Amino acid sequence: MSEDLRAELDKYLHTLNIQTTCVEHPPVFTVEEMMPHLQEVTGAVTKNLFLKDKKKKSLFLVSARHDRQVNLNDLAKKLGVGSGNLRFADEAAMLEKLKVGSGCATALALLFDTERSVQSVLDRDLLEGDHERVYFHPMTNAATMGLRPDDLLRFLRETGHEPILQDFL
């Protein structure tokens with residue numbers, strides 16, 4: 001299943017003429033597990049959080065540099081959903097909206113949010129931090145794909161997900 005989704009992602013990136021690099025590794029579920037496999041990469045490795053607003057039922061995919069803190073209360077205020085209202089969305093919602101399960105939700109999975117029901121929240125540093133590449137799982141947590149920041153932005157816009165830029169420290 002994830003191989004088919006990854007092939008579909010690769011094909012879509014190819015149609016946009018987006019060049020990527022990829023590191024294959026054993027399946028990982030945390031940034032800590034992933035980092036030893038990415039010693040050779042140059043750029044920003046991401047962590048991704050699939051969140052929901054408990055009141056309005058809005059969904060957010062937050063992509064931040066792996067070494068940044070994401071304070072859910074602060075983020076909730078910045079997104080206008082009210083402090084304390086952001087929660088982790090369940091895996092069923094992730095599978096329904098992004099076609100991926102735990103450990104695999106990344107900005108690249110927004111390709112499969114055809115209803116555009118998930119808002120992209122992006123660490124401003126990923127686009128403006130002068131990184132050669134930014135790294136995400138490509139529909140599987142057994143690989144990490146790097147693409148240029150401007151290509152990431154183009155990908156998000158082409159899929160109908162204009163990112164909300166946020167500063168994470």
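Strands E3 (59-65) and E5 (118-123) run parallel and are joined by 5 bridges; strands here are DSSP runs of at least two residues, helices (H or I) runs of at least four, numbered from the N terminus, and two strands pair if DSSP finds at least two bridges between them. Keep in mind that this is a predicted model, where local features need pLDDT of at least 70, side-chain atom pairs count only at pLDDT 80 or more, and totals for chains, interfaces and linings use all residues. Residues are numbered from 1 along each chain as its sequence is written, and side-chain values use heavy atoms, with hydrogens and water left out.

Let's stay with E3. Leu61 stands opposite Ser120 in E5. E3 also pairs with E2, running antiparallel through 7 bridges, and Ala64 in E3 is the bridge partner of Lys47. E2 and E3 form a hairpin with 5 residues between them, and Lys57 in that turn has a positive phi of about 65°. How many residues of E3 are buried? The count is 7 of 7, where buried means under 20% relative accessible area with a 1.4 Å probe, protein chains only.

Now look inside. The largest nonpolar core (buried Ala, Val, Leu, Ile, Met, Phe, Trp, Tyr and Cys residues joined through side-chain atoms within 4.5 Å) has 33 residues. Phe50, Leu98 and Phe136 are among those with the most contacts inside this core. Elements giving it two or more residues include helix H1 (2-15), E2, E3 and E5. A second, separate core of 13 residues includes Leu51, Leu75, Val121 and Phe168.

Methods:
Buried < 20%, exposed > 50% of the residue type's maximum accessible area, 1.4 Å probe, protein only.
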